[in-house]
Amino acid sequence: MPEPVFALIDCNSFYASCERVFRPDLARTPIVVLSNNDGCVIARSAEAKAWVKMGAPFHEVRPLLKRHGIVAFSSNYALYGDMSERVMSVLEARLPSVEVYSIDEAFAELTGLPEPLENIARQLRAEVLQKTGIPVGIGIAPTKTLAKLANHAAKRWQQQTGGVVDLRDPERRNKLLRMTPVGDIWGIGSRLSAQLKALDINTAWELTQADVWTLRKRFNVVMEKTVRELRGTPCMSLEQVIEPKQEICCSRSFGQRLRELTPITDAVTAFASRAAEKLRQQGSLCRQVRVSLRTGMFNPSEAKYANGILCQLPYPTDDSRLIIKAALLGLEQVYREGFSYAKAQVLLSDLCRHTDYTPDLFSQAPINQGQQLMSTLDAINQRWGRGTLQPARLAKTADWAMRQKLLSPAYTTRWQSTLVANAK
DNA sequence: TCTGGGGTCCTAGGACCC
DNA sequence: TCTGGGGTCCTAGGACCC
């Protein structure tokens with residue numbers, strides 16, 4: 001058996017790069033992309049990174065953006081999702097096994113491909129750029145955790161490396177491990193990093209030198225796997241099968257604070273409806289609906305309140321109407337007068353596969369009732385764009401709708417092409 | 001007099017990721 | 001005025017059973 005080789009392919013400043021593909025005039029202009037509601041900065045082009053921190057509240061950095069000529073965009077997930085599919089198709093066409101890990105990252109196994117792998121990676125990089133306009137970095141290593149690290153290095157020393165780093169050479173690996181802070185490792189967040197520092201483990205290399213069993217006892221198996229992977233022993237494999245999600249969530253901050261129950265009811269109806277749609281998309285049923293509601297958490301002068309409630313459904317279902325009904329019953333119990341609410345969430349849990357569920361003889365589950373209606377609804381919404389058909393109770397213009405003042409056009413979607421066609 | 005112990009299931013909460 | 005959204009895995013501890 002040949003030693004396994006993993007690659008991590010990661011798009012550079014993905015959301016910012018997507019915006020730039022359709023705005024070549026901004027090729028050298030620093031760009032940031034904002035979270036929903038234009039709340040905070042969630043992506044920065046390379047030039048913007050020097051000036052703006054990740055997660056910085058937009059309203060705080062606004063003057064700074066202006067001062068440095070940084071252009072801001074509201075997030076446009078329809079666009080990013082579409083660009084992501086294009087990038088992944090190129091990878092899947094070229095590589096034998098690909099695991100799409102997130103919207104902008106994929107792992108791949110390069111085991112057995114002809115050397116030098118670095119050349120394959122460089123060609124791949126060029127092809128993705130040429131076909132999609134998106135620049136990527138590629139890390140190569142014997143484990144996923146090390147491939148992540150290699151990818152970091154490829155981005156950090158883009159000029160010197162040409163965006164590709166192969167960490168299979170132990171000497172090169174140790175050199176990099178010694179200069180990597182422990183908190184930069186995949187799987188070590190801020191909490192664990194602080195705890196490790198308290199044990200005088202500051203760099204990735206020091207972590208590889210620590211005793212695995214002690215670490216396992218002090219932390220958990222995840223930590224153990226991380227350490228073993230850093231030492232070069234693969235503990236994680238490529239996962240190509242997409243498992244159905246175990247929870248489905250739809251949550252948004254409102255565009256403005258809401259005090260009255262009515263507009264919040266509208267929002268929760270919309271969130272429940274969207275969550276039910278996702279549920280049907282993956283062919284699952286749910287038994288539980290959790291609704292939660294909260295006020296703003298940052299402003300000290302605002303009265304704070306946060307509460308959630310779990311509603312059991314009488315039988316597993318994917319029917320929007322039942323899910324909305326349960327969510328609204330929950331909302332009534334959670335809502336208190338006198339607060340300014342900032343955000344609501346609908347979470348579907350205790351899921352099972354549609355095909356696995358057979359209602360027993362005496363259950364109250366109606367067989368197939370509403371299924372026809374739901375699939376028609378989904379078909380229309382897929383054909384004409386999300387929200388074409390909605391629950392009747394939803395108002396046309398919503399008080400809760402997001403603020404997205406800086407949204408780019410939907411360059412790539414069918415809905416947009418229809419609009420353009422009509423305009424002609 | 002004496003008040004077990006082991007296994008399993010479930011849930012909440014903590015930590016992480018992008 | 002204004003601070004995202006959507007997930008996963010692991011563990012501890014309680015409930016329950018025998």
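Which phosphate-oxygen partner does a backbone N or O atom of Ser251 have in DNA strand C, and at what distance does it lie? A backbone N or O atom of Ser251 lies 2.4 Å from a phosphate oxygen of DNA strand C. This is a predicted model, in which local features need pLDDT of at least 70, side-chain atom pairs count only at pLDDT 80 or more, and totals for chains, interfaces and linings use all residues. Residues are numbered from 1 along each chain as its sequence is written, chains are lettered from A and ligands numbered from 1 in the order in which they are written, and side-chain values use heavy atoms, with hydrogens and water left out.

**Around the DNA**
- DNA strand C is surrounded by 23 residues, where a residue is near a strand if one of its heavy atoms lies within 4 Å of it.
- The closest are Ser35, Cys249, Ser251, Arg252 and Ser253.
- Sugar or phosphate makes up 73% of the strand C atoms within 4 Å of the protein, and the rest belong to bases.

**Atom pairs to look for**
- The side chain of Ser35 has an N or O atom 3.0 Å from a sugar or linking oxygen of DNA strand C.
- In the side chain of Lys343, an N or O atom is 3.2 Å from a phosphate oxygen of DNA strand C.

**Domains**
- Chain A is divided into domain 1 (1-168 + 405-423), domain 2 (170-242) and domain 3 (248-384), with bounds from an automatic or database domain assignment.
- Between the C-alpha centres of domain 2 and domain 3 there are 39 Å.

Conventions. Polar contact = N/O pair within 3.5 Å; in protein donor to acceptor, adjacent residues only side chain to side chain.
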